[in-house]
Amino acid sequence: MTTTVKATYANGVFTPQEPVDLEEGAEVMVSMDGTPRESSGRGEEGGASLLDLIEELHTSALVGEPDDRPADLAEHYKHYLYGHPKDDAP
């Protein structure tokens with residue numbers, strides 16, 4: 001049987017963040033998903049702060065120079081994001 005449990009790693013020990021149905025001393029296999037994040041010093045240890053994530057999203061979304069973007073981007077954002085027809089009605 002496979003069960004997924006979120007755990008915190010500190011001082012060489014994995015601590016489950018929810019109750020587990022195991023006998024004391026039971027051996028388990030641990031699989032890790034993802035890669036460790038570097039601490040920014042401002043957020044949770046081992047993770048990026050919310051401000052860092054927002055900055056990353058902001059810089060990744062702004063590809064190209066402002067002159068390369070359509071002049072009506074704000075007005076017709078649904079067209080450019082989702083392919084909706086441009087609605088010229090206010």
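In this predicted model, the accessible surface of the chain adds up to about 8900 Å². Carbon and sulfur atoms hold 53% of that area. Very little is tucked away: of the 90 residues, just 4% count as buried. One part of the surface stands out as a nonpolar patch of about 790 Å². Its members are Val5, Tyr9, Phe14, Val20, Leu22, Val28, Val30 and Met32. Two of these names, Tyr9 and Phe14, come up again in the strands below.

As for the overall layout, the chain has 2 helices and 2 strands. Read from the N terminus, the order is β-β-α-α, so to speak, strands and then helices. What share of the contacts with a separation of 6 or more comes from residues 24 or more positions apart? The figure is 0%.

Now for the strands. Strand β1 covers residues 7-10, and strand β2 covers residues 13-16. The two run antiparallel and are joined by 4 bridges. Among the facing pairs, tyrosine 9 sits opposite phenylalanine 14 of β2, while alanine 10 has valine 13 in β2 as its bridge partner. Phenylalanine 14 itself is a residue of strand β2. Is phenylalanine 14 buried or exposed? Neither label quite works: its relative accessibility is 40%, so it counts as partly exposed, because that class lies between the 20% limit for buried and the 50% limit for exposed. Phenylalanine 14 is also one of the residues that make the nonpolar patch.

Between the strands, the hairpin has 2 residues. Asparagine 11 belongs to this loop between β1 and β2, and its backbone does something a bit out of the ordinary. Most residues other than glycine have a negative phi. Asparagine 11 is not a glycine, yet its phi is positive, near 55°. Its surroundings are open too: with a relative accessibility of 81%, asparagine 11 counts as exposed, because the cut-off for that label is over 50%.

The other end of the story is about aspartate 72. This residue lies in the loop between α1 (50-61) and α2 (77-82). Which residues does aspartate 72 touch, leaving aside its neighbours within four places in sequence? The contacts are with Tyr80 and Lys86. With tyrosine 80, the side chain of aspartate 72 makes a polar contact of 2.8 Å. With lysine 86, aspartate 72 forms a salt bridge, and the closest N and O atoms are 3.1 Å apart. That pair ties together distant parts of the chain: lysine 86 is in the segment after α2, aspartate 72 is in the loop between α1 and α2, and 14 residues separate them. The count for the structure comes to 1 salt bridge. Lysine 86 is not hidden away, either: its relative accessible area is 40%, which means it is partly exposed.

Note on methods. Residues are numbered from 1 along each chain as its sequence is written. This is a predicted model: local features need pLDDT of at least 70, side-chain atom pairs count only at pLDDT 80 or more; totals for chains, interfaces and linings use all residues. Side-chain values use heavy atoms; hydrogens and water are left out. Buried means under 20% relative accessible area, exposed over 50%, partly exposed in between (1.4 Å probe, protein chains only). Contact means heavy atoms within 4.5 Å. Accessible areas come from the Shrake-Rupley method with a 1.4 Å probe; for residues, only the protein chains shown count as cover. Two strands pair if DSSP finds at least two bridges between them. A polar contact is a pair of N or O atoms within 3.5 Å; within protein, one must be able to donate a hydrogen and the other to accept it, and residues adjacent in sequence count only if both atoms are side-chain atoms. Patches are made of residues with over 30% relative accessible area and no salt bridge: like charges are joined within 9 Å, nonpolar side chains (Val, Leu, Ile, Met, Phe, Trp, Tyr) within 5 Å. A salt bridge is a side-chain nitrogen of Lys or Arg within 4 Å of a carboxyl oxygen of Asp or Glu.
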